[in-house]
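Subject: Structure handover

Dear colleague,

Please find below the structure I promised to pass on, together with its sequence. My notes on what was found follow directly after it.

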Amino acid sequence: MIRKLASGEYRLYSRKTDPRTGTRRNLGTFATREAAEKHEREVQYFKRGH
């Protein structure tokens with residue numbers, strides 16, 4: 001899940017909420033939306049056990 005920040009950067013959040021905090025975990029901040037989307041695909045790939 002990608003959100004645009006006020007600074008113009010994009011931040012990638014986990015899809016599920018973190019049970020400890022009740023919020024989404026920050027998975028990184030990126031200068032462009034393309035970079036954030038690329039990283040999100042990589043995260044989903046590794047979550048499937050590769």
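Contacts between residues 24 or more positions apart make up 19% of those in the chain that have a separation of 6 or more. Please keep in mind throughout that this is a predicted model. Of the 50 residues in the chain, 22% count as buried, and the C-alpha trace spans about 30 × 25 × 10 Å along its principal axes. The chain exposes about 3,900 Å², of which carbon and sulfur atoms supply 51%.

As for the secondary structure, the chain has one helix and three strands, and the order of these elements, read from the N terminus, is β-β-β-α.

The strands are joined by two hairpins, which I take in turn. Strand β1, residues 2-4, pairs with β2 in the antiparallel sense over three bridges, and within this pairing Lys-4 has Tyr-10 in β2 as its bridge partner. Five residues lie between β1 and β2 in their hairpin, and Gly-8, in the turn, has a positive phi of about 95°. Strand β2, residues 10-17, also pairs with strand β3, residues 24-30, again in the antiparallel sense and here over four bridges. Arg-11 stands opposite Thr-29 in β3, while Tyr-13 stands opposite Asn-26 in that strand. The hairpin of β2 and β3 has six residues between the strands, and in it Gly-22 takes a positive phi near 80°.

Two buried residues deserve a separate paragraph each, beginning with Tyr-10, which has its place in strand β2. The relative accessibility of Tyr-10 is 15%, and because the limit for a buried residue is under 20%, Tyr-10 counts as buried. What is Tyr-10 in contact with, leaving aside its neighbours within four places in sequence? The list includes Ile-2, Arg-3 and Lys-4 from the early part of the numbering, and it continues with Gly-28, Thr-29, Phe-30, Ala-31, Thr-32, Arg-33 and Ala-36. For one of these partners there is also a backbone distance, since the C-alpha atoms of Tyr-10 and Gly-28 are separated by 8.6 Å although the two residues are 18 residues apart along the chain.

The other buried residue is Glu-40, which is found in helix α1, residues 33-47. Glu-40 has a relative accessible area of 15% and is therefore buried. With its neighbours within four places in sequence left aside, Glu-40 is in contact with Met-1, Ile-2, Leu-12 and Arg-15. Ile-2 thus appears among the contacts of Glu-40 and also among those of Tyr-10.

Turning to charge, the chain has 13 positive and 6 negative side chains, and the centres of these two sets lie 6 Å apart. Side chains of opposite charge can pair when their charged atoms come close. The structure holds five salt bridges, and I describe some of them here.

Asp-18, Arg-20 and Arg-25 are linked in a network of salt bridges. In the pair of Asp-18 and Arg-20, the closest N and O atoms are 3.8 Å apart, a value to be read with the cut-off in mind, because a salt bridge requires the nitrogen to be within 4 Å of the carboxyl oxygen. In the pair of Asp-18 and Arg-25, the side chains meet at 2.9 Å, N to O. Are the members of this network buried or exposed? Asp-18 is buried, with a relative accessible area of 8%, whereas Arg-20 is exposed at 73% and Arg-25 is partly exposed at 43%.

A further salt bridge joins the side chains of Arg-33 and Glu-37, at 3.0 Å from N to O. These two residues are separated by about one helical turn, because they are four residues apart in helix α1. Arg-33 is partly exposed, with a relative accessible area of 34%, and Glu-37, at 29% relative accessibility, likewise counts as partly exposed. Arg-33 also belongs to the contacts of Tyr-10 listed above, so that residue may be a convenient place to start when you open the file.

With best regards

Technical notes: Residues numbered from 1 in each chain as written. Predicted model: local features only at pLDDT ≥ 70, side-chain atom pairs only at ≥ 80, totals over all residues. Heavy atoms only, no water. Pairing = 2+ DSSP bridges. Buried < 20%, exposed > 50% of the residue type's maximum accessible area, 1.4 Å probe, protein only. Contact = heavy atoms within 4.5 Å. Areas by Shrake-Rupley, 256 points an atom, 1.4 Å probe, with all protein chains shown as cover. Lys, Arg positive; Asp, Glu negative; His and termini not counted. Charge placed at Lys NZ, Arg CZ, Asp CG, Glu CD.
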